[in-house]
Amino acid sequence: MSRSFTLRHVEPSKPITFDPKKCIGCNRCVNVCPIDILLPSASNGETPVVAYPDECWYCGCCVMECPAEAIILGHPLMNQVRWVEKKSLMKEGDLK
Ligand code: SF4
Ligand code: SF4
């Protein structure tokens with residue numbers, strides 16, 4: 001007797017979204033990622049590539065390092081209560 005079954009399609013996670021209008025292609029986010037899931041942009045004017053999205057630690061290092069605020073980190077729901085924005089860690093005058 002043969003059995004048939006179907007595998008449920010699971011969408012890959014999408015932890016990082018780059019804003020191509022803000023990104024200056026400096027690759028600082030690529031260099032700071034502790035687990036190297038980002039690949040550098042191929043040329044100036046392009047955003048880096050998230051090569052291994054399912055491996056992301058959601059640590060936020062890339063967001064903190066980005067000088068252009070071009071990265072949006074989409075936290076899973078269980079992480080959202082612990083997230084603090086970069087600006088909330090700065091003292092008044094740090095952004096001047
Ligand atoms: S959140 Fe952390 S692990 Fe994920 S891409 Fe950014 S630096 Fe890498
Ligand atoms: S650090 Fe920011 S500006 Fe630089 S490549 Fe990454 S997303 Fe673009």
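Student: What makes you say where ligand 2 sits in this predicted model?

Tutor: A molecule sits in a cavity if more than half of its atoms lie within 2 Å of the grid points. Ligand 2 sits in the second largest cavity, and about 70 Å³ of space lies there. The lining includes C23, C26, C29 and C66. The residues around ligand 2 likewise include C23, C26, C29 and C66.

Student: How do you know which residues are around ligand 2?

Tutor: The criterion is a heavy atom within 4 Å. Among the residues around ligand 2 are F18, N27, R28 and I71. The shell divides into nine nonpolar, two polar and one charged. Arg counts as charged, and R28 is one of the residues of the shell.

Student: How many cavities does a search of the whole structure find?

Tutor: The search finds two of 30 Å³ or more. About 100 Å³ of space lies in the largest cavity. Of its 14 lining residues, C33, I37, C56, C59 and C62 are the closest to its centre. The lining has 13 nonpolar residues, one polar and no charged.

Student: Why is Y58 called buried, and D36 exposed?

Tutor: Buried means under 20% relative accessible area. Y58 has 18%, so Y58 is buried. Exposed means over 50%. D36 has 52%, so D36 is exposed.

Student: What is notable about phi in D36 and Y58?

Tutor: D36 has a positive phi of about 55° without being a glycine, in the loop between α1 (28-32) and β2 (38-39). Y58, also not a glycine, has a positive phi near 55° and is found in the loop between β3 (49-50) and α2 (61-65).

Definitions and conventions
Residues numbered from 1 in each chain as written. Chains lettered and ligands numbered in written order. Predicted model: local features only at pLDDT ≥ 70, side-chain atom pairs only at ≥ 80, totals over all residues. Heavy atoms only, no water. 1 Å grid on protein atoms, 1.4 Å probe; cavity = no way out; pocket = protein on both sides within 12 Å on 5 of 7 lines; lining within 4 Å. Helix = DSSP H or I, 4+ residues; strand = E, 2+ residues; numbered from the N terminus. Buried < 20%, exposed > 50% of the residue type's maximum accessible area, 1.4 Å probe, protein only. Points joined across faces, edges and corners; volume = space filled by probe spheres on them.
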